[in-house]
Amino acid sequence: MPLPDPKKRNPITLPDGSAHAGTVMLAEAIDHPNFSAGAFTYASAFEPPSDWAMCLAPYLFAGSRERVVIGKFCQIAEGVRFITASANHAQDGLSCYPFPVFDHTQMTGFQPDTRDTIVGNDVWIGYGAMILPGARVGDGAIIGAGAVVRGSIPPYAIVTGNPGTVHSYRFSKPQIARLLSLKWWDWPVDLISRAEPALLAGDLDMLETLAPD
(Lines give C-alpha, C1' and ligand atoms only; values in the text may rest on other atoms or scores of the structure.)
Protein backbone atom coordinates (compact mmCIF):
# COMPACT_ATOMS: atom_id res chain seq x y z
CA MET A 1 0.00 0.00 0.00
CA PRO A 2 1.49 3.39 -0.94
CA LEU A 3 2.20 5.86 1.83
CA PRO A 4 0.24 9.12 2.03
CA ASP A 5 1.75 12.04 0.16
CA PRO A 6 3.78 13.96 2.79
CA LYS A 7 3.50 17.10 0.64
CA LYS A 8 -0.30 17.02 0.60
CA ARG A 9 -1.64 19.40 3.24
CA ASN A 10 -4.84 17.39 3.82
CA PRO A 11 -3.85 13.73 3.38
CA ILE A 12 -7.20 12.08 4.20
CA THR A 13 -9.88 11.80 1.52
CA LEU A 14 -13.44 11.27 2.75
CA PRO A 15 -15.85 8.80 1.08
CA ASP A 16 -17.49 11.65 -0.85
CA GLY A 17 -14.12 12.52 -2.39
CA SER A 18 -13.56 15.70 -0.40
CA ALA A 19 -10.45 16.40 1.67
CA HIS A 20 -10.75 16.12 5.45
CA ALA A 21 -9.89 19.65 6.54
CA GLY A 22 -9.40 18.60 10.16
CA THR A 23 -6.23 16.59 9.52
CA VAL A 24 -3.07 18.17 8.13
CA MET A 25 0.50 17.21 7.43
CA LEU A 26 2.14 19.65 9.82
CA ALA A 27 5.16 20.35 7.65
CA GLU A 28 2.77 21.66 5.00
CA ALA A 29 0.46 23.54 7.37
CA ILE A 30 2.93 25.38 9.60
CA ASP A 31 4.85 28.49 8.65
CA HIS A 32 6.77 29.47 11.77
CA PRO A 33 10.56 29.76 11.98
CA ASN A 34 10.65 28.17 15.45
CA PHE A 35 8.30 25.25 14.78
CA SER A 36 9.29 22.30 12.61
CA ALA A 37 7.76 18.89 11.96
CA GLY A 38 9.13 15.93 10.05
CA ALA A 39 7.65 14.18 7.05
CA PHE A 40 4.36 12.30 7.53
CA THR A 41 3.67 13.89 10.93
CA TYR A 42 0.05 14.94 11.14
CA ALA A 43 -2.23 16.81 13.53
CA SER A 44 -6.00 16.75 13.84
CA ALA A 45 -8.61 19.20 15.11
CA PHE A 46 -12.41 19.12 15.22
CA GLU A 47 -12.46 22.75 14.07
CA PRO A 48 -9.41 23.32 11.87
CA PRO A 49 -7.54 26.46 12.98
CA SER A 50 -6.36 29.10 10.57
CA ASP A 51 -2.96 29.04 12.27
CA TRP A 52 -1.85 25.55 13.29
CA ALA A 53 1.35 26.74 14.95
CA MET A 54 -0.53 29.14 17.21
CA CYS A 55 -3.15 26.50 17.99
CA LEU A 56 -0.58 23.89 19.00
CA ALA A 57 1.99 26.21 20.62
CA PRO A 58 0.16 29.41 21.64
CA TYR A 59 3.15 30.87 23.53
CA LEU A 60 5.61 30.45 20.66
CA PHE A 61 5.60 34.13 19.80
CA ALA A 62 7.36 35.89 16.96
CA GLY A 63 10.86 36.49 18.29
CA SER A 64 10.71 33.64 20.82
CA ARG A 65 14.10 32.10 21.51
CA GLU A 66 12.95 28.49 21.91
CA ARG A 67 11.91 25.93 19.30
CA VAL A 68 9.39 23.13 18.96
CA VAL A 69 10.90 20.27 16.96
CA ILE A 70 8.76 17.23 16.11
CA GLY A 71 10.08 14.16 14.29
CA LYS A 72 8.64 12.05 11.49
CA PHE A 73 5.47 9.92 11.50
CA CYS A 74 4.06 11.53 14.68
CA GLN A 75 0.32 11.62 15.38
CA ILE A 76 -1.10 14.60 17.26
CA ALA A 77 -4.69 14.54 18.44
CA GLU A 78 -7.29 17.25 19.02
CA GLY A 79 -6.58 19.59 21.92
CA VAL A 80 -2.85 18.90 22.28
CA ARG A 81 -0.89 21.94 23.46
CA PHE A 82 2.81 22.62 23.66
CA ILE A 83 3.35 25.11 26.49
CA THR A 84 6.70 26.45 25.36
CA ALA A 85 9.46 28.22 27.27
CA SER A 86 8.17 31.72 26.46
CA ALA A 87 5.25 31.03 28.80
CA ASN A 88 7.53 30.70 31.84
CA HIS A 89 8.15 33.51 34.31
CA ALA A 90 11.38 34.21 36.15
CA GLN A 91 11.52 32.60 39.60
CA ASP A 92 14.82 33.89 40.94
CA GLY A 93 13.51 37.19 42.29
CA LEU A 94 11.09 38.08 45.06
CA SER A 95 8.18 38.15 42.60
CA CYS A 96 7.35 36.19 39.45
CA TYR A 97 5.62 39.23 37.95
CA PRO A 98 7.12 39.89 34.47
CA PHE A 99 7.71 43.64 34.86
CA PRO A 100 10.01 43.97 31.78
CA VAL A 101 7.37 42.78 29.29
CA PHE A 102 5.39 45.99 29.90
CA ASP A 103 8.34 48.22 28.96
CA HIS A 104 9.36 47.97 25.32
CA THR A 105 12.88 49.19 26.16
CA GLN A 106 13.40 46.15 28.41
CA MET A 107 11.22 43.61 26.65
CA THR A 108 13.65 42.77 23.83
CA GLY A 109 15.62 39.71 24.81
CA PHE A 110 13.75 39.23 28.11
CA GLN A 111 12.98 35.53 28.26
CA PRO A 112 13.81 33.71 31.51
CA ASP A 113 13.40 30.26 29.95
CA THR A 114 14.70 29.38 26.47
CA ARG A 115 14.56 25.56 26.48
CA ASP A 116 13.50 23.81 23.28
CA THR A 117 10.72 21.20 23.23
CA ILE A 118 11.72 18.09 21.30
CA VAL A 119 9.49 15.21 20.19
CA GLY A 120 11.01 12.14 18.56
CA ASN A 121 9.72 10.02 15.70
CA ASP A 122 6.59 7.83 15.62
CA VAL A 123 5.18 9.47 18.75
CA TRP A 124 1.44 9.39 19.41
CA ILE A 125 0.18 12.31 21.51
CA GLY A 126 -3.39 11.72 22.66
CA TYR A 127 -6.38 14.01 23.07
CA GLY A 128 -5.83 17.05 25.24
CA ALA A 129 -2.29 16.20 26.30
CA MET A 130 -0.08 19.07 27.44
CA ILE A 131 3.64 19.12 26.75
CA LEU A 132 5.49 21.49 29.11
CA PRO A 133 8.56 23.64 28.41
CA GLY A 134 11.77 21.76 27.76
CA ALA A 135 10.15 18.34 27.46
CA ARG A 136 12.02 15.68 25.51
CA VAL A 137 9.80 12.87 24.23
CA GLY A 138 11.62 9.79 22.95
CA ASP A 139 10.96 7.89 19.73
CA GLY A 140 7.92 5.63 19.71
CA ALA A 141 6.42 6.99 22.92
CA ILE A 142 2.68 7.20 23.55
CA ILE A 143 1.39 10.20 25.50
CA GLY A 144 -2.04 9.35 26.87
CA ALA A 145 -5.08 11.58 26.63
CA GLY A 146 -4.93 14.46 29.10
CA ALA A 147 -1.39 13.67 30.25
CA VAL A 148 0.80 16.55 31.40
CA VAL A 149 4.36 15.87 30.32
CA ARG A 150 7.59 17.41 31.54
CA GLY A 151 11.23 16.33 31.55
CA SER A 152 12.54 13.41 29.50
CA ILE A 153 10.30 10.58 28.34
CA PRO A 154 12.15 7.37 27.36
CA PRO A 155 11.68 5.82 23.91
CA TYR A 156 8.58 3.63 23.56
CA ALA A 157 7.27 4.59 27.00
CA ILE A 158 3.52 4.90 27.61
CA VAL A 159 2.84 8.01 29.69
CA THR A 160 -0.42 8.79 31.48
CA GLY A 161 -1.76 11.17 34.11
CA ASN A 162 -0.91 14.49 35.71
CA PRO A 163 1.93 14.66 36.37
CA GLY A 164 2.72 12.43 33.43
CA THR A 165 4.38 9.23 34.57
CA VAL A 166 5.62 6.18 32.69
CA HIS A 167 2.83 3.63 32.99
CA SER A 168 4.55 0.90 30.98
CA TYR A 169 6.58 0.30 27.84
CA ARG A 170 5.30 -0.76 24.45
CA PHE A 171 8.01 -3.41 24.03
CA SER A 172 10.72 -5.20 25.97
CA LYS A 173 14.12 -3.55 26.40
CA PRO A 174 15.77 -5.78 23.77
CA GLN A 175 12.99 -5.03 21.28
CA ILE A 176 13.28 -1.30 21.93
CA ALA A 177 17.02 -1.46 21.33
CA ARG A 178 16.41 -3.24 18.01
CA LEU A 179 13.82 -0.66 16.93
CA LEU A 180 16.07 2.25 17.84
CA SER A 181 18.86 0.64 15.87
CA LEU A 182 16.62 0.17 12.82
CA LYS A 183 15.26 3.76 12.79
CA TRP A 184 12.71 2.72 10.20
CA TRP A 185 11.32 6.28 9.93
CA ASP A 186 14.58 7.33 8.23
CA TRP A 187 14.38 4.63 5.53
CA PRO A 188 13.62 5.54 1.91
CA VAL A 189 9.91 5.99 1.34
CA ASP A 190 9.58 3.00 -0.98
CA LEU A 191 11.20 0.77 1.62
CA ILE A 192 8.91 2.04 4.38
CA SER A 193 5.97 1.25 2.11
CA ARG A 194 7.26 -2.32 1.70
CA ALA A 195 7.70 -2.54 5.49
CA GLU A 196 4.12 -1.48 6.23
CA PRO A 197 2.85 -5.07 6.76
CA ALA A 198 5.63 -5.74 9.26
CA LEU A 199 4.97 -2.46 11.07
CA LEU A 200 1.24 -3.13 11.30
CA ALA A 201 1.69 -6.75 12.38
CA GLY A 202 4.35 -5.95 14.96
CA ASP A 203 6.73 -8.32 13.22
CA LEU A 204 10.18 -7.07 14.23
CA ASP A 205 11.95 -10.01 12.61
CA MET A 206 10.37 -9.22 9.26
CA LEU A 207 11.19 -5.54 9.68
CA GLU A 208 14.84 -6.38 10.24
CA THR A 209 14.99 -8.40 7.02
CA LEU A 210 13.90 -5.30 5.09
CA ALA A 211 16.42 -2.92 6.66
CA PRO A 212 18.73 -1.22 4.18
CA ASP A 213 22.36 -2.34 4.14
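**Salt bridges, sheets and a surface patch**

R67 has a relative accessibility of 40%, so it counts as partly exposed. The model in which this residue is described is a predicted one, and R67 is a suitable point of entry because it takes part in a salt bridge with D116, in which the closest N and O atoms are 2.9 Å apart. This pair links distant parts of the chain: D116 lies in the loop between α3 and β7 (117-119), R67 lies in the loop between α2 (52-56) and β4, and the two residues are 49 apart. The two partners fall into separate accessibility classes. D116 has a relative accessible area of 17%, and because the limit for a buried residue is under 20%, D116 is classed as buried. R67, at 40%, lies in the range between buried and exposed and is therefore termed partly exposed.

The wider setting can now be given. The protein chain contains six helices and 15 strands. Its C-alpha atoms fill a box of roughly 60 × 45 × 30 Å along the principal axes. Of its 213 residues, 40% count as buried. The chain exposes about 11800 Å², of which carbon and sulfur atoms supply 57%. Where contacts join residues at least 6 apart in sequence, 45% of them connect residues at least 24 apart.

The strands may be considered next, beginning with an open sheet of five. Its order is β2-β4-β7-β10-β13, and the pairing is parallel. At the edges stand β2 (35-37) and β13 (152-153), each of which pairs on one side only. Strand β4 (residues 68-70) runs parallel to β2 and is joined to it by three bridges. Within this pairing, A37 has I70 of β4 as its bridge partner.

A second open sheet has three strands in the order β6-β9-β12, again described by parallel pairing. Here β6 and β12 (148-149) are the edge strands; each has a single partner strand, and so one side of each has no neighbour in the sheet. Strand β9 (residues 130-131) pairs with β12 in the parallel sense over two bridges, and M130 stands opposite V148 of β12.

Strand β14 (residues 157-160) offers a further arrangement, since it has pairings of both senses. With strand β11 (residues 142-143), β14 pairs in the parallel sense over two bridges; with strand β15 (residues 165-169), β14 pairs in the antiparallel sense over four bridges. V159 appears in both pairings: I143 stands opposite V159, and the bridge partner of V159 in β15 is V166. The side chains of β14 alternate along the strand. A157 and V159 point to one face and are buried, whereas I158 and T160 point to the other face and are not buried. The hairpin of β14 and β15 has four residues between the strands, and G161 in this hairpin takes a positive phi near 85 degrees.

The discussion now returns to charged residues. Side chains of opposite charge can pair when their charged atoms come close. In this structure, the count of salt bridges comes to six. Besides the pair of D116 and R67, one of them joins the side chains of D113 and R115, with an N to O separation of 2.8 Å. D113 has a relative accessibility of 9% and therefore counts as buried, while R115, with a relative accessible area of 43%, is partly exposed.

Another salt bridge joins R178 and D205, whose closest N and O atoms are 2.8 Å apart. R178 belongs to helix α4 (residues 173-182) and D205 to helix α6 (residues 204-210), so this pair ties together parts that are 27 residues apart in sequence. R178 has a relative accessibility of 27%, and so it counts as partly exposed. The pair also belongs to a network of salt bridges that links R178, D205 and E208.

Finally, the surface carries a nonpolar patch. This patch is formed by Y97, F99 and F102, which together have about 400 Å² of accessible area. F102 lies in the loop between β6 (81-82) and α3 (104-107). F102 counts as exposed because its relative accessibility is 61%, and the limit for that class is over 50%. The strand that precedes this loop, β6, is the edge strand of the three-stranded sheet described above.

Notes. Residues numbered from 1 in each chain as written. Predicted model: local features only at pLDDT ≥ 70, side-chain atom pairs only at ≥ 80, totals over all residues. Heavy atoms only, no water. Patch = residues over 30% accessible without salt bridge, like charges linked within 9 Å, V, L, I, M, F, W, Y side chains within 5 Å. Areas by Shrake-Rupley, 256 points an atom, 1.4 Å probe, with all protein chains shown as cover. Salt bridge = Lys/Arg side-chain N within 4 Å of Asp/Glu carboxyl O. Buried < 20%, exposed > 50% of the residue type's maximum accessible area, 1.4 Å probe, protein only. Pairing = 2+ DSSP bridges. Contact = heavy atoms within 4.5 Å.
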